[in-house]
Amino acid sequence: MQRILVTGALGQIGSELVPSLRARYGADGVVASDVRVPAGPVEDEGPFVYADCLHIRQIDDAVRRFDVGTIYHLAALLSAVAEERPRAAWDLNMGGLYRVLEVAREHGCAVFLPSSIGAFGPGTPRIATPQDTIQRPSTMYGITKVSSELLCDYYHRRFALDTRGLRLPGLISHVALPGGGTTDYAVQIFHDAIRFGRHICYLREDTKLDMMYMADALRAIEELMEADPSRLRHRNAFNVTSMAVTPAELAAEIQRHRPGFTLDCEPDPVRQAIADSWPQSIDDSAAREEWGWAPRYDLAATTREMLAQLETRLAAEASSGPAPRAGRDAG
Ligand code: AKB
């Protein structure tokens with residue numbers, strides 16, 4: 001069986017997608033790659049290769065060497081950091097994808113690409129945002145995401161490449177921290193609740209955005225990649241969601257478990273403006289109809305899991321281990 005290559009494997013999604021794919025397809029069947037120095041289970045439990053997706057030779061070598069049939073291309077800059085470094089964001093998000101698609105075309109690989117709710121913009125209907133609608137994002141991140149969706153569709157139409165993608169909402173996970181996104185507060189709030197009993201949020205308390213627990217996101221990725229292609233009318237990229245929440249609602253749910261927890265909001269103009277340009281909730285009926293998507297974690301279940309998992313881990317780390325790593329990928 002041909003192997004899977006995951007780029008950006010040490011980021012927020014990759015840190016959990018790689019072990020999940022290895023559990024499904026075998027440790028040897030999934031090659032993790034990143035531009036950072038490996039230290040941890042992702043690289044200990046199966047093949048790891050240093051590959052910078054801005055260097056086509058490095059991706060090509062990895063694909064040849066490991067006989068790769070599918071690439072999960074996660075390496076990207078997230079929204080807030082992309083706004084600070086628009087040129088780097090364009091170079092990595094578009095240049096990396098273009099090279100991955102070219103290698104995939106050469107070797108006939110399937111490609112998964114995470115798009116984002118950031119692919120929508122201020123002109124998009126903000127409530128129950130449809131699958132097919134206006135996409136005129138006002139951020140560099142959004143521009144790269146909508147361009148990526150179009151490029152992946154182009155490679156599918158023009159070269160019959162099996163490209164598939166999801167418009168992921170903010171991802172809530174307890175394994176790795178996201179790095180440089182607008183929805184990152186929804187992870188940090190749990191760490192702060194446990195460590196300090198207080199979180200200072202960089203968004204207004206009524207800023208509603210779509211979120212998803214990582215276990216649901218991993219299942220969505222895997223189910224989409226295994227879906228019967230004849231049922232896919234859309235490919236790049238499907239709306240998916242589990243919940244639409246505000247910082248105030250998330251804090252209220254945490255307070256059900258930790259009554260002393262407090263939330264203060266000190267909006268950061270850049271991230272607030274990004275959030276205000278994104279949908280408040282999205283309609284994922286195309287994903288439900290075309291490949292049977294259904295979320296399992298709502299706000300209550302996500303909060304319960306996050307607190308339980310993090311309490312155990314942070315307690316263990318307080319006596320010995322390292323802090324969670326910051327990621328560099330979408331989601
Ligand atoms: C971000 O906030 O940039 C990401 C995303 C929703 O794409 N989490």
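1. Overall dimensions. In this predicted model, the radius of gyration is 19 Å, which agrees with the value near 20 Å that a compact globule of 331 residues would have. The C-alpha trace spans about 55 × 50 × 40 Å along the principal axes of the protein.

2. Secondary structure and long-range contacts. The protein contains twelve helices and twelve strands. Of the contacts with a separation of 6 or more, 80% join residues that are 24 or more positions apart.

3. Burial and surface. Buried residues account for 57% of the 331 residues. The accessible surface comes to about 13,200 Å², and carbon and sulfur atoms contribute 50% of that surface.

4. Charges. The protein carries 35 positive and 44 negative charges. The mean positions of these two sets are 3 Å apart.

5. Domains. Two domains are assigned, and each is made up of separate stretches of sequence. Domain 1 covers 3-169 + 212-239, while domain 2 covers 171-210 + 242-282 + 295-320. The contact between them takes 33 residues from domain 1 and 34 residues from domain 2. Taken over C-alpha atoms, the centres of the two domains are separated by 24 Å.

6. Surroundings of S115. This serine belongs to strand β5, which runs over residues 110-116. S115 counts as buried because its relative accessibility is 1%, against a cut-off of under 20%. Leaving aside neighbours within four places in sequence, S115 is in contact with K145, E149, L166, R167, L168 and A237. The last residue of that list, A237, leads to the next point.

7. A cis peptide bond. Most peptide bonds are trans. The bond from N236 to A237 is cis in this model, with omega near 10°. A237 lies in the loop between α8 (214-226) and β10 (238-239), and A237 is also one of the residues in contact with the buried S115. A reviewer may wish to inspect the backbone at N236 and A237 in the model.

8. Positive phi at D67. Most residues other than glycine have a negative phi. D67 has a positive phi, near 50°. This residue is placed in the loop between α3 (56-65) and β4 (68-73). With 41% relative accessibility, D67 counts as partly exposed.

9. Positive phi at A128. A second residue with this feature is A128, whose phi is positive, at about 50°, although A128 is not a glycine. A128 is found in the loop between β5 and α6 (140-159); β5 is also the strand that holds S115. The relative accessibility of A128 is 42%, and A128 therefore counts as partly exposed.

10. P269 and A62. P269 lies in helix α10, which comprises residues 269-276. Is P269 buried or exposed? P269 counts as exposed because its relative accessibility is 62%, and the cut-off for that class is over 50%. From C-alpha to C-alpha, P269 and A62 are 41 Å apart in space, and 207 residues separate them in sequence.

Note on methods:
Residues are numbered from 1 along each chain as its sequence is written. This is a predicted model: local features need pLDDT of at least 70, side-chain atom pairs count only at pLDDT 80 or more; totals for chains, interfaces and linings use all residues. Side-chain values use heavy atoms; hydrogens and water are left out. Helices (H or I, at least four residues) and strands (E, at least two) are DSSP runs, numbered from the N terminus. The radius of gyration is taken over C-alpha atoms; the globule rule is 2.2 Å times the number of residues to the power 0.38. Buried means under 20% relative accessible area, exposed over 50%, partly exposed in between (1.4 Å probe, protein chains only). Contact means heavy atoms within 4.5 Å. Accessible areas come from the Shrake-Rupley method with a 1.4 Å probe; for residues, only the protein chains shown count as cover. Lys and Arg count as positive and Asp and Glu as negative; His and the chain ends are not counted. The place of a charge is taken as NZ of Lys, CZ of Arg, CG of Asp or CD of Glu. Domain bounds come from an automatic or database domain assignment.
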